[in-house]
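This report describes the fold of one protein chain, its helix faces, its nonpolar cores, one of its sheets and its salt bridges. The sequence and the model are shown first.

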Amino acid sequence: MMLKPWLAISILFSFLISNVTGAFVGINIGTDVSNLPPASDVVALLKVNQITHVRLFNADAHMLNALANSSIEVIIGVTNDEVLGIGESPSAAAAWVNKNVAAYMPSTNITAIAVGSEVLTAIPNAAPVLVPAMNYLHKALVASQLNHQVKVSTPQSMDVIARAFPPSTATFNSSWNSTIFQILQFLRNTNSYFMLNAYPYYEYVHSDGIFPIEYALFQPLSAVKQIVDPNTLFHYVSMFDALVDAAYNSIAALNFSDIPIVVTETGWPWDGGANEPDASKENAETFNNNLIRRVSNDTGPPSQPKNPINTFIYEMFNEDKRPGPISERSWGIFSTNGSEIYSLSLGSSAGISDNSTAVFCIAKKGADENKLQDGINWACGQGHANCSAIQSGQPCYFPDTLQNHASYAYNDYYQRMRSLGGTCDFDGTATTTTQDPSSKTCKFTGSSTPGGLFPPAAFGPISPTSQGPTIRATVIVYTLAVFSALLMLDVNVHFSSMYGGAPSGGIGIGSSSGGRTWPSTTSVSSSGKRIQKEMTELSIEAPPDCAAGPKGDNLYHWVATLFGPPGTPYEGGIYFLDITFPSDYPFKPPKVVFKTRIYHCNVEPSGNVSLDILTDNWSPALTISKVLLALRSMFTTPETYKPVVPGIAHLYFEDKAKHDEIATEWTLRFAR
């Protein structure tokens, strides 16, 4: 009997449940599966593992019957093949609802209808009937008096977002604006939600190594990196959060602000063959475990912290009949015989332990006050500690001492990040203790004292206002453009990484030696010090429409992004560049190479840039900020007197209209 091996592994997945405050992780059940277990066994597996939310890609009668009286919440799907018929016929919609919804309720807890799957990008010819199909289905639900229990929506992929970086300026692809506007109107009017399919795996793979895999897997980056939206300064601790925020901001760009997002698909393939080495069991296990921890925070992304990200993992079983690469058939958590493909464990998903042997991280008595201040600055900023409780008027503000505030900030960071390698060190100013430092009014994270304060666990959103009251020095944040070449690779999300300063010998993340030492000005050459100084200045006041910073951990190799200015043939273009600093910088100029093709008399076909500021007129007094300004100026004022492509300069003088026409064509072809 199949149920026994499934029962044996039940404990491994018992955390796939809705938490008390509402956020849940559910699971998708696909249809392209050979030897799919009987529906009764599938539901038994769901029950054994306390999976409370499922999404079906169709309205399979066997599954709907088996789910009866299980209390499992079910999203059923209108297949793409069915959308056209329903969108053209109210009677077809009514018949569909009667057959697939009304016939099973209330025994089967159907809560939503997903109309199609990524219709706008998968079958764009059906776009004109998508919203009518949603309306007809909703009216059929109203007629059956089921509209309050069953919502109607339609899942869309990240491909409907034209430019997802930075998340604050993300917008939907303008070609779909009319349809998406109608979808959003429908969702608002029916009190429904936006269904989003967001896959960090694909964004990572398509970025060709520009994004670190740790960012896609919810793992901490190296201790000096952060991902930050340059407009809002929101910190993004995972690619998943950034994708969701890009969708929220795209919705806001169409003047809708009250529509929540549910992630109807996300996951990581566990096998991809030789062509996709990052599709592995280890990475799939890491991603899904960390995803569950992230969702269990019951918080939203940085721009919407009060909106939890309810999420469905893709998927329960491998859809082995799907065409395409190996990875397309390797997303399942279970084999069809009921055995797990890889282990998922509760780990720290509960966030805070509730027992008498809890370990706390506190500031050492007599620690250097400057180091304590640096530690607070880092913990409440780059370290993502929740320092709201030590703000003036809050429960942990008194006693108003550096040691008290540092203890709270250190401990909050430690409780969030220790399961991921975070240590209790803070440049030697911190130590661990089993004695609960909570007081009658101030409950430390991790305390089992009744009425304790339990801020969200790791991976929650970070905003610029989350720093503690005793932060008297600005946390230095360095801009790092890690998104070069992404648009050319058709990646729909682009991010800006930012380096952050922190105390020397500070928090170790993922280090078996007890902590990674933060770089200091005494550990780099004079040229490195100069570059670090310019990074700081650039983060404080960057030139308009520019972003630049080190690629990875190489201080001497930067990537930069320039946005073509309005009123020029380069308007709307995004240009990616490599900047290489010589070892004797600033006595010699950096080398600048366009990675995006551009029609310009000062840029060689190979991408090498030739400007006076980079050759004869270079001075050690100049900075990378001045170089970026010069590069931006070449869009409007090319140095035609000293071209490296004389033919383009000649055309600029002889027939500027023709020159601009060609330059515009190149912009459309290569830079968008």
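## Chain overview

Residues 24 or more positions apart make up 70% of those contacts in the protein chain that have a separation of 6 or more, where contact means heavy atoms within 4.5 Å. The model is predicted, so local features need pLDDT of at least 70 and side-chain atom pairs count only at pLDDT 80 or more, while totals for chains, interfaces and linings use all residues. Residues are numbered from 1 along each chain as its sequence is written, and side-chain values use heavy atoms, with hydrogens and water left out.

The protein chain has 18 helices and 20 strands. These are DSSP runs numbered from the N terminus, helices being H or I with at least four residues and strands being E with at least two. Of the 672 residues in the chain, 56% count as buried. Buried means under 20% relative accessible area, exposed means over 50%, and partly exposed lies in between (1.4 Å probe, protein chains only).

## Helix H5 and the largest core

Which residues of helix H5 are buried? In H5, residues 90-102, they are Ala-93, Trp-96, Val-97, Asn-100 and Val-101. Seen down the axis of H5, these residues fall within an arc of 100°, so they line one face of the helix; the arc is that of the directions from the helix axis to the C-beta atoms. Ser-91 and Lys-99 are exposed on the face of H5 turned away from the buried side. The cover over the buried residues of H5 includes three helices, H3 (61-66), H4 (80-87) and H7 (127-143), together with strands S3 (73-78) and S4 (110-115).

Trp-96 and Val-101 also belong to the largest nonpolar core, which has 109 residues. A nonpolar core is a set of buried Ala, Val, Leu, Ile, Met, Phe, Trp, Tyr and Cys residues joined through side-chain atoms within 4.5 Å. The members that touch the most other members are Ile-76, Trp-96, Val-101, Ile-113, Leu-137 and Leu-184. With neighbours within four places in sequence left aside, Leu-137 is in contact with Val-78, Ile-86, Ala-93, Trp-96, Val-97, Ile-113, Val-115 and Val-152. A second, separate core has 38 residues, among them Tyr-575, Leu-614, Val-627 and Leu-651. In soluble globular proteins, nonpolar side chains tend to be buried together.

## A four-stranded sheet

Four strands form an open sheet in the order S17-S18-S19-S20, with antiparallel pairing. Two strands pair if DSSP finds at least two bridges between them. Strands S17 (546-551) and S20 (591-594) stand at the edges with a single partner strand each, so one side of each is left without a neighbour in the sheet. On average, neighbouring strands of this sheet are turned by 25° against each other, direction ignored.

Strand S18 (residues 554-563) and strand S19 (residues 574-580) run antiparallel and are joined by seven bridges. Leu-562 stands opposite Tyr-575 in S19. Helix H15 (residues 526-540) packs on the sheet and touches S17 and S18, its direction making about 30° with that of S18. Axes are lines fitted to C-alpha atoms, for helices over the stretch in contact, and angles run from 0 to 180 degrees between N-to-C directions.

## Helices H17 and H18

Helix H17 (residues 646-654) has Ile-648, Ala-649, Leu-651 and Tyr-652 buried. Seen down the axis of H17, the buried residues fall within an arc of 160°, so they line one face of the helix. The face turned away from that side carries exposed Pro-646, His-650, Phe-653 and Glu-654. The buried residues of H17 pack against H18.

## Salt bridges

How many salt bridges does the structure hold? There are eleven, a salt bridge being a side-chain nitrogen of Lys or Arg within 4 Å of a carboxyl oxygen of Asp or Glu. The table lists some of them.

| Lys residue | Acidic partner | Closest N and O atoms |
|---|---|---|
| Lys-588 | Asp-584 | 3.8 Å |
| Lys-656 | Asp-660 | 2.9 Å |
| Lys-658 | Glu-661 | 4.0 Å |

Lys-588 is partly exposed at 48% relative accessibility, and Asp-584 is partly exposed at 28%. Lys-656 and Asp-660 both lie in helix H18 (residues 656-670), four residues apart, about one turn of the helix. Lys-656 counts as partly exposed at 37%. Lys-658 and Glu-661 are also both in H18, three residues apart, about one turn of the helix. Lys-658 is partly exposed at 36%, as is Glu-661 at 46%. Salt bridges that share partners join Asp-612, Asp-616 and Lys-642 into one network.
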